[in-house]
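Open your viewer, keep the selection panel handy, and follow along stop by stop. Each stop gives you something to select and then tells you what is there.

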Amino acid sequence: MGRVIVLFGAPGSGKGTQGEMLEKQFGLPRVSTGDLFRALPDEGAGKEIQELMAHGSLVPDEKVIELLKQELAKSAYENGFILDGFPRTVPQAKALDALLAELNQALEAVVYLDASEAEIKRRLGGRWTCRECNKIYNFRGKPAAECSECGGALYQREDDTPHGIEQRLRTYRQKTAPLINYYQGKGVLRKVAVPDRAQKEDVFKLVLKQLGAGTENKRK
Ligand SMILES: [Zn+2]
């Protein structure tokens, strides 16, 4: 049995960034449902999912779970993994519990990145994506014109525009925020208060502190 860590928080709270840092720190693979969706073919079910995401809607649970089940069955995840962007609803959390039992894994911790709404809006508004390689940039000031990795053009995904951001936050408050109580009840929630304009390294220290404090008495 390995370590299974869920990164949880509103869009823009820094799950992707902290997930990458945790991946390096612990040598655990990171699974982002957003990346899995974006890697889907541009037709059929893949196209349907991409359109839902572009409109800030949640992808139906059964589709996400099916996709995740296929992915997590790979041997690369035997020693555990970091989940980023899943679960987003209470039914998904329950499905994850069942899936982990099936995989003989147990959830060690849910790291909740608690950032203020003002901070979230500031961050999401500065987010641009490369059309060619999908690299995501976070600009604090004027955005660059092209990708520094591949020279591709940068654009703002529909869900990173002010209207899209508002919609995503509404979905988060209604569907995802109830997970805080769900995981608190299970004793696995590790809340990290993210200071406004914090550097990622400083947030990471807080994350590690929460995980360190939670690992000794929670491991089975
Ligand atoms: Zn690029």
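Begin with N134, which sits in the loop between β5 (127-130) and β6 (136-138). This is a predicted model, so treat each stop as a look at computed coordinates. Check the backbone torsions here: N134 is not a glycine, yet its phi is positive, at about 70°. N134 counts as partly exposed because it has 14 C-beta neighbours inside 10 Å.

**Along the same loop**

Now select R131, also placed in the loop between β5 and β6. R131 has 13 C-beta neighbours inside 10 Å and therefore counts as partly exposed. Which residues does R131 contact, leaving aside its neighbours within four places in sequence? Add G152, A153 and Y155 to your selection, as these are the ones. For a distance label, pick the C-alpha atoms of R131 and A153: they are 5.7 Å apart in space, with their positions 22 residues apart in sequence.

**A second positive phi**

Move on to R197, in the loop between β8 (189-193) and α9 (200-218). R197 is not a glycine either, and its phi is positive at about 55°. Is R197 buried or exposed? It is exposed, because 9 other C-beta atoms lie within 10 Å, and the cut-off for exposed is 12 or fewer.

**Into the core**

Next, select I5, L7, I82, V110 and V111. These residues have the most contacts inside the largest nonpolar core, which has 38 residues. As background, nonpolar side chains in soluble globular proteins tend to be buried together.

Zoom in on V110, in strand β4 (residues 107-114). With 25 C-beta neighbours inside 10 Å, V110 counts as buried, since the threshold is 20 or more. Not counting residues up to four places away in sequence, V110 touches V6, F8, Y183, V188, L189 and R190. You can also draw a line from the C-alpha of V110 to that of A193: the two are 83 residues apart along the chain and separated by 14 Å.

Then step to V111. Setting aside residues up to four places away in sequence, V111 touches I5, L7, F8, R190, V192, V207, Q210 and L211.

**A helix pair**

Select helix α4 (residues 61-72) and helix α5 (residues 90-102) and show them as a cartoon. Two packed helices are described by the angle and the distance between their axes. Here the axes come within 11 Å and cross at roughly 25°, so α4 and α5 are roughly parallel to each other. The crossing of α4 past α5 is right-handed.

To see the contact itself, show side chains for D61, V64, I65, L68, K69 and L72 in α4, which meet P91, Q92, A95 and L99 in α5. The residues of this contact comprise seven nonpolar, one polar and two charged.

**Two last stops**

What kind of peptide bond runs from F86 to P87? Rotate until you can see omega there: the bond is cis, with omega near -5°. P87 belongs to the loop between β3 (80-84) and α5.

Finish at N181, in helix α8 (residues 179-186). N181 counts as exposed because it has 11 C-beta neighbours inside 10 Å. Draw one more C-alpha to C-alpha line, from N181 to V90: these residues are 91 apart in sequence and 9.7 Å apart in space.

Definitions and conventions. Residues are numbered from 1 along each chain as its sequence is written. This is a predicted model: local features need pLDDT of at least 70, side-chain atom pairs count only at pLDDT 80 or more; totals for chains, interfaces and linings use all residues. Axes are lines fitted to C-alpha atoms, for helices over the stretch in contact, and angles run from 0 to 180 degrees between N-to-C directions. Helices (H or I, at least four residues) and strands (E, at least two) are DSSP runs, numbered from the N terminus. Angles under 35 degrees count as roughly parallel, over 145 as roughly antiparallel, 65 to 115 as roughly perpendicular and the rest as oblique. A crossing is left-handed if the near helix is turned anticlockwise from the far one by less than a right angle, and right-handed if clockwise. Two residues are in contact if their C-beta atoms, placed from the backbone, lie within 7 Å. Ala, Val, Leu, Ile, Met, Phe, Trp, Tyr, Cys and Pro count as nonpolar, Asp, Glu, Lys and Arg as charged, and the others, Gly among them, as polar. A nonpolar core is a set of buried Ala, Val, Leu, Ile, Met, Phe, Trp, Tyr and Cys residues joined through C-beta atoms within 7 Å.
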